[in-house]
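Visitor: I'm new to this structure and would love a close look at a single part of it. Could you take me through how one helix sits among its neighbours?

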Amino acid sequence: MVAAYRFKPVITVLLLALLLLAILLSLALGPVSIPLGDTLRVLLRGISGAELPADHVLIIEHIRLPRALMGILVGATLALTGAAMQGLFRNPLADPGLIGVSSGAALGAALMIVLGSSLLSALPTFVLPYATVLGAFAGGVITTWLVYRLGQSVQGTSVASMLLAGIAIAAISGAVIGMLSYLADDAMLRTLTFWNMGSLGSADYQSVAVLALCCALVWW
């Protein structure tokens, strides 16, 4: 334990270095490859004032950088919430999929994607871009509440009952998602597929700012 604690700062520095390297690679690589030197110059052009190709600036600053920032925020929040769940269940293998939270969130998103035209008609216009996210959040919250309620008894809250309830809810959610996938058209099915894969393709600075506020609340 003492040796592990002694090397903790070194491991932290190495992980931060790997994170910076991953960011640079994500900004440089893609359908249009940009040299690492030009990528760094684009990131530092506000300081250096260097003249760079307009297409490189557009690709990095307005397409790839928001996606990289969103990936960092999502990854950090998933790591924190995963550690909290492992502490709650006292099991290092616990994850949101184990108690059905992931399946419930996926079901909420699928409902918004497939049935959105009828479900979203009464919502204000400014809410529509975040409808899928809100549906996923609502699905995750409802699933968490159901699992917690089903795990309660006269003797208290049973972790085993929560796990069994989560498995059952995950199975039901998967069946409903399968039915919605059958009813979806090509565009809806494509959106649903990329959502379940965790696409960052729609990231922009506005969505990154909203996500940063939500993540800050979770971290706090």
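**Helix α5 and its partners**

Guide: Happy to! Please keep in mind that this is a predicted model. Let's start with helix α5 (residues 54-89), which packs against helix α10 (residues 205-219) at an angle of about 15°, the two axes lying 10 Å apart. Angles under 35 degrees count as roughly parallel, and therefore α5 and α10 are roughly parallel to each other. Where α5 passes α10, the crossing is left-handed.

Now look at the residues that meet here. On the α5 side you will find E61, H62, L65, P66, L69, M70, L73, V74, A76, T77, L80 and T81. Facing them from α10 are Y205, S207, V208, L211, A212, C215, V218 and W219. Sorted by character, the residues of this contact are 15 nonpolar, 4 polar and 1 charged.

Helix α5 also packs with helix α2 (residues 8-28), this time at an angle of about 145° and with the axes 9 Å apart. Here α2 passes α5 in a right-handed crossing. From α2, the contact draws on L19, I23, S26, L27 and A28, while α5 brings I60, R64, L65, A68 and I72. Of these residues, 8 are nonpolar, 1 is polar and 1 is charged.

One residue is worth finding in your view: L65 of α5 takes part in the contact with α10 and also in the contact with α2.

Technical notes: Residues are numbered from 1 along each chain as its sequence is written. This is a predicted model: local features need pLDDT of at least 70, side-chain atom pairs count only at pLDDT 80 or more; totals for chains, interfaces and linings use all residues. Side-chain values use heavy atoms; hydrogens and water are left out. Axes are lines fitted to C-alpha atoms, for helices over the stretch in contact, and angles run from 0 to 180 degrees between N-to-C directions. Helices (H or I, at least four residues) and strands (E, at least two) are DSSP runs, numbered from the N terminus. Angles under 35 degrees count as roughly parallel, over 145 as roughly antiparallel, 65 to 115 as roughly perpendicular and the rest as oblique. A crossing is left-handed if the near helix is turned anticlockwise from the far one by less than a right angle, and right-handed if clockwise. Contact means heavy atoms within 4.5 Å. Ala, Val, Leu, Ile, Met, Phe, Trp, Tyr, Cys and Pro count as nonpolar, Asp, Glu, Lys and Arg as charged, and the others, Gly among them, as polar.
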